Amino acid sequence: MSIYDKAFMNSELSKPTSIFGLRLWVVVGIFVGVIIVLLLFLLSVCITSRRRHIKNPNNNNNINHQTLTTPVSKDIQEIVHHDTSDHRTSIPEIQIDIGKSEHRVVFSDRQSSGESRATSNNDTASFGGGGGGSGGLPQVSHLGWGRWYTLRELEAATNGLADENVIGEGGYGIVYSGVLGDNTRVAVKNLLNNRGQAEREFKVEVEVIGRVRHKNLVRLLGYCVEGAYRMLVYEYVDNGNLEQWLHGDVGDVSPLTWRIRMNIIQGTAKGLAYLHEGLEPKVVHRDIKSNNILLDRQWNPKVSDFGLAKLLGSDTSYVTTRVMGTFGYVAPEYACTGMLTEKSDVYSFGILIMEIITGRNPVDYGRPQGEVNLVEWLKTMVGSRKSDEVIDPKLPEMPSSKALKRILLVALRCVDPDATKRPKMGHVLHMLEADDLLFPTVSMHYFSSVDF
Ligand SMILES: Nc1ncnc2c1ncn2[C@@H]1O[C@H](COP(=O)(O)OP(=O)(O)OP(=O)(O)O)[C@@H](O)[C@H]1O
């Protein structure tokens, strides 16, 4: 280029244009800059949409199992984070739901109630695809353990969710008995969607129970997510729940012998020890009570209702401003501070032992003052050497004083007001496995007071 051309270019580029009187080279510079920014933007959009495409389980059947569990684990971590900070500043409200056989206690704050208002659509997306669409063939779950069921399949199994198939109703949904196409008897829990908590419960249960296998824990076979429906499909446990057998109308003599009661206590302890010490991360049940102990025909206990379970990393405690559990079973530190560890389950388990031995409810306002609270009454009785008087009058035979003494000692240790002094479930199990615990004596005569 000659010197004249350069001079010509310079003068042309320096000429003012009609765009705000800017010189031509400024306008060209801006134009080039905008093009570069646009290109970068398009590139980032491409990369993002490609990542989303990879994460969508419907687009890739070979997806890594770990990827799919991320939304659930993330959800739990987020809850921990929120609750920990809120705990310091907010004053919890206490809400007691009455209208069922027991009172459910929910301590909540505004933050946490807002949290629970998740929309169904979001949840459906998290679980990878609405159960395969209505009327489609049942598919294997992408979670890697059970399967999902179609709504049509579960409607067929439960006679269209018929009233006569209802076997119980809990805080979060109605439970139906059903028979699947392959003749498997199942319990179908249809979660109520009008409560945000039910959706969270669904996520937690699916993730936690789906992987758990233990003879003393109710097995989750699969689930259904379709439209507004969220259902859990469990193995059917065919002999009711412990609450019915302890407090229902069973006549003057209970079919629950001493040996059966000890087996129920031991089996429940095994299930809990497995949740606390056999899984990583460990699982705290949070709602151990007699309704949640299902029984088979051989009186084997199976712990159900993991809806309130939270996953805990080892050696961590969980602080929440939303305390859940059932009135009478909730550990004092959990109720007061929201501090949740597996020791909260140990406390509830101690209450359960007392309930099984005495046949009394943890809190019974129908009883005279001083007997309303089971723990306080039992402590008083043991302290005044009247342990033999705490036994369920419907028990067909009496335990040996040694067995009674041992089991009451275990129960009292479990309900120690100081959570750190309560034994771990593994230790409880060890204490419960002593042979002499199982043997009853034949009559009351043998009975002597227990000296603690
Ligand atoms: N797998 C099952 N097999 C047989 N019956 C079941 C099964 N699961 C639940 N049930 C019955 O349904 C009832 C309701 O169960 P659910 O777990 O929904 O509520 P709950 O434990 O009684 O109360 P909440 O949910 O408030 O703790 C149980 O008490 C039990 O009798």
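Is Asn159 buried, exposed or partly exposed, and how many C-beta neighbours does Asn159 have inside 10 Å? In this predicted model, Asn159 counts as partly exposed because 14 C-beta neighbours fall inside 10 Å. Asn159 sits in the loop between α6 (151-157) and β5, and its phi is positive, at about 60°, although the residue is not a glycine. Most residues other than glycine have a negative phi. The loop between α6 and β5 also holds Leu161, another non-glycine residue with a positive phi, here about 50°. Leu161 is partly exposed too, with 18 other C-beta atoms within 10 Å.

Stepping back to the whole chain, the secondary structure comes to 14 helices and 16 strands. Of the 452 residues in the chain, 36% are buried. As for contacts between residues at least 6 apart in sequence, 64% of them join residues at least 24 apart.

Next comes the ligand. A set of 23 residues surrounds the ligand, and the closest of these are Gly168, Gly170, Gly171, Val175 and Ala187. Three elements give two or more residues to this shell: β5 (166-169), β6 (173-179) and β7 (185-191). Strand β5 gives the most, with 3 residues. Sorted by class, the shell is made up of 9 nonpolar, 9 polar and 5 charged residues.

Strand β7 also holds Lys189, where UniProt, in an unreviewed entry, places the feature "binding site". Lys189 counts as buried, because 28 C-beta neighbours lie inside 10 Å and the cut-off for a buried residue is 20 or more. Setting aside neighbours within four places in sequence, Lys189 is in contact with Gly173, Val175, Met231, Leu232 and Tyr234. One of these partners, Val175, is also listed among the closest residues to the ligand.

Now for the helices. Helix α9 (residues 258-277) runs for 20 residues and spans 28 Å from its first C-alpha to its last, close to the 28 Å expected at 1.5 Å a residue. Most of α9 is covered, with 15 of its 20 residues buried. Helix α9 also turns up in the surroundings of α14: what covers the buried residues of α14 includes α9, α11 (342-358) and α13 (401-414).

In α14 itself (residues 425-432), the buried residues are Met425, Val428, Leu429 and Leu432. Viewed down the axis of α14, these buried residues fall within an arc of 100°, so they line one face of the helix. The general geometry helps here: an α-helix has 3.6 residues a turn, so residues three or four places apart point the same way.

Helix α12 (374-383) can be read in a similar fashion. The buried residues of α12 are Leu374, Leu378 and Val382. They take up an arc of only 60° around the axis, which puts them on the same side of α12. Over on the other side of α12, Glu376 and Gly383 are exposed. The cover over the buried residues of α12 includes α11 and α13. Just past the end of α12, Arg385 takes a positive phi of about 55°.

The loops on either side of α12 are worth a look as well. Val363 has its place in the loop between α11 and α12. With 17 C-beta neighbours inside 10 Å, Val363 counts as partly exposed. Leaving out residues up to four places away in sequence, Val363 touches Phe327, Gly328, Val372, Asn373 and Leu374. Leu374, one of the buried residues of α12, is 11 residues away from Val363 in sequence, and their C-alpha atoms are 6.1 Å apart in space.

The loop between α12 and α13 holds Ser400. Ser400 is partly exposed, with 18 other C-beta atoms within 10 Å. Between Ser400 and Asp388 there are 9.9 Å in space, C-alpha to C-alpha, for a separation of 12 residues in sequence.

Terms used. Residues numbered from 1 in each chain as written. Predicted model: local features only at pLDDT ≥ 70, side-chain atom pairs only at ≥ 80, totals over all residues. Helix = DSSP H or I, 4+ residues; strand = E, 2+ residues; numbered from the N terminus. Expected span 1.5 Å × (residues − 1). Buried ≥ 20, exposed ≤ 12 C-beta atoms within 10 Å, placed from the backbone. Near = placed C-beta within 6 Å. Nonpolar A, V, L, I, M, F, W, Y, C, P; charged D, E, K, R; others polar. Arc of directions from axis to C-beta. Contact = placed C-beta atoms within 7 Å. UniProt positions renumbered as here; feature names shortened; annotations may be inferred.
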